[in-house]
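Trainee: I have a structure in front of me and would like to learn how to read its features. Could you guide me through it?

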Protein chains: 2
Amino acid sequence: MRELNVELGERSYPIYIGEGLLTDIAEIFARHQIAQKSPLLLVSDEQVASRYMAPLVETLRTAGYTVVPAVVPPGESSKSLAVFEQLITTALEAGLDRHSTVVALGGGVVGDLAGYVAAAYMRGIRFVQIPTTILAHDSSVGGKVAVNHPSAKNIIGAFHQPELVLYDLGTLQSLPPREVSAGLAEVVKHGLIWDEAFVRWIEDNSADLLALRPEALGYALYKGCGVKAEVVSRDEREHSLRAILNLGHTIGHALEAVAEYDELLHGEAISIGMVGAARIGVALGADEEVYTVTKRVLQACGLPVRLPAHLDTDAIMKAMQHDKKFKEGRMVFIVPTAIGRVEIRQDLSAALVRETVDRLKEEA
Amino acid sequence: MRELNVELGERSYPIYIGEGLLTDIAEIFARHQIAQKSPLLLVSDEQVASRYMAPLVETLRTAGYTVVPAVVPPGESSKSLAVFEQLITTALEAGLDRHSTVVALGGGVVGDLAGYVAAAYMRGIRFVQIPTTILAHDSSVGGKVAVNHPSAKNIIGAFHQPELVLYDLGTLQSLPPREVSAGLAEVVKHGLIWDEAFVRWIEDNSADLLALRPEALGYALYKGCGVKAEVVSRDEREHSLRAILNLGHTIGHALEAVAEYDELLHGEAISIGMVGAARIGVALGADEEVYTVTKRVLQACGLPVRLPAHLDTDAIMKAMQHDKKFKEGRMVFIVPTAIGRVEIRQDLSAALVRETVDRLKEEA
């Protein structure tokens, strides 16, 4: 088992990564004084619940916990105020109190939703994340929790750090290949913003990662979470540095907004976005290698690098202007200056961005 | 103008108390770098808005602010997730960004609601409180913001400290007498938990307070906010000490839950609750004076001390057990040990509490 500490003063917490951790959960919970007397809300989605909920409930009940299971439909639509309110109602009816814990068993949607319930219920109760996707390694570090508004993602939320994150590599074995790749996009991103050696390692080990070999997967998650933890511990509330985690996201979010549902997964959209950011980096003077390596490592992970030609450039430009990372009307771009190094730019011309978006349609 | 600082490290903020402060608001906002480029959401209720909204909007617009007014119906029913969502929609449509500020102009309902919007929007933007009731002196210190769930008050919320609180004594002059008294209940509470001399002062100056004389009123708010600030700065997240602010609230909240809407205002319910707490204190060994002085100062402020006889004791006892201040099934009571001193007790017998509730029906 690997262990990583997210350093946030009195809000510090550990991430445990390993095989079979769900079997040992009672011991880990005991170590963290997760209250047994108060009911525990266990949130999952239908897909994840069908595989892992029953044994987990059984393990926790055997260990003396009062478990209140709550299963929501899979997918982004569950990150709504309506589902949030249902979970609050469930928590109230089950008698959750200030010493209760909310446990998120699932991917990013479940983590964000359950985390916001934990943040809001009685103004904040304890929260444990059990991510079951690779992508969720990203959202499980940093305490950003939220639900969506019909016209804006993640607009209603909080910063609420978990007590601990428990990553059981066994739960990742059932991921479909497309989601494995999409999840690796955020792993690659963590390399690209912070750690050149890790980028090279990902490229060399991409086959093992795609095959979900536990040793490689555990290391990639450990390193990916580690970069994120390092950045977040230096800037918990995203005053400045934390913005670098948005590499690929300015374009990526716009693509998600413009593409049909499911045409582009989040990881796929930011993969294309990172290629765009690399192109901008090169246009602003970075070595050409920044672009070629970025593209190569993403492709090695089975990710798309070309923007579907039918997505309208005007619509993408407009969507970018609605992003909440806008600062007083200016686009904030994270731009690579070298492999493993980025800078925050607010001075990019709309013309350069537009040209970059257009060229993304020609990547091969 | 009086100025008081709420000491909370990097979340510290000042409370300004004085006459005519709304006229000087642009200067105060400038001092606190309230952003002019980003839209500002000004939340109020219909009653308060009809008196103070238009001139305030005018003053702020003249000073260069883009003001987005949002008026909600008066009363507790506006502290709902539905109204919260409407305000988030308004904020989104008006283009509020991370540098925007939410300003609450009104009493506790508006402050709690607008504060929760500020806490949740983009995971937290800046917040300014302009309380227009005496009662709101209490909720304006400490950063507790929330909306209600149909079956529990303040269950969905956050700790979100304002940038500043601006108390313009002019806005209090239109308060109806019953609300003046109800507001003074929390002022008296702050004396009873922390400051005997202040309790004596309130009793001596109750006529001036009821007449809303600015000098007395300003001092009472300054002292009331000061006690609350002192307590909150020692225990921001209510781990322990902050619980003493609940003096009178265990019984008081139960009375509010059982009484018909509007039969008892919050301040009236906690006035009766504080008499109950004082009786319990005496039963546990405090000097009889704790009870007599508590009752006398509350009556001097025009507050009820007798529990309406038709309120069912069983129902009150049951409501107490649903209070979120319950700790693993035990009632938490704040019990006076002397005037200006209280202790936190979790060991009271249900029999003593029941007997106290019954005796409250016989107070004269």
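Mentor: Gladly! Let's begin with helices: here, a helix is a DSSP run of H or I covering at least four residues, numbered from the N terminus. Keep in mind that this is a predicted model. As a case, H266(A) belongs to helix α11 of chain A, residues 266-283.

Trainee: Where does UniProt place the feature "binding site"?

Mentor: The unreviewed UniProt entry puts it at E186(A), H249(A) and H266(A). They span 81 residues in sequence, yet no two of their C-alpha atoms are more than 10.3 Å apart, so they gather at one spot.

Trainee: Which residues does H266(A) touch, leaving out those up to four places away in sequence?

Mentor: Contact means heavy atoms within 4.5 Å. H266(A) touches L135(A), E186(A), H249(A), H253(A) and E256(A). With E186(A), its side chain also makes a polar contact of 3.0 Å.

Trainee: Is H249(A) buried or exposed?

Mentor: Buried means under 20% relative accessible area. H249(A) has 6%, so it is buried. You will find this residue in helix α10 of chain A, residues 249-258.

Trainee: How many aromatic pairs are there over all chains?

Mentor: Ring pairs are judged by the distance between their centres, and planes under 30 degrees apart count as stacked. The count is ten over all chains. One of them is the stacked pair of F198(B) and W201(B), with 6.0 Å centre to centre and 20° between the planes. These two residues are three apart in helix α7 of chain B, so about one helical turn separates them. F198(B) is buried, at 2% relative accessibility. In chain A, ring pairs join F198(A), W201(A) and Y219(A) into a cluster.

Technical notes. Residues numbered from 1 in each chain as written. Chains lettered and ligands numbered in written order. Predicted model: local features only at pLDDT ≥ 70, side-chain atom pairs only at ≥ 80, totals over all residues. Heavy atoms only, no water. UniProt positions renumbered as here; feature names shortened; annotations may be inferred. Buried < 20%, exposed > 50% of the residue type's maximum accessible area, 1.4 Å probe, protein only. Polar contact = N/O pair within 3.5 Å; in protein donor to acceptor, adjacent residues only side chain to side chain. Phe/Tyr/Trp six-rings, centres within 6.5 Å; stacked < 30°, edge-to-face > 60°.
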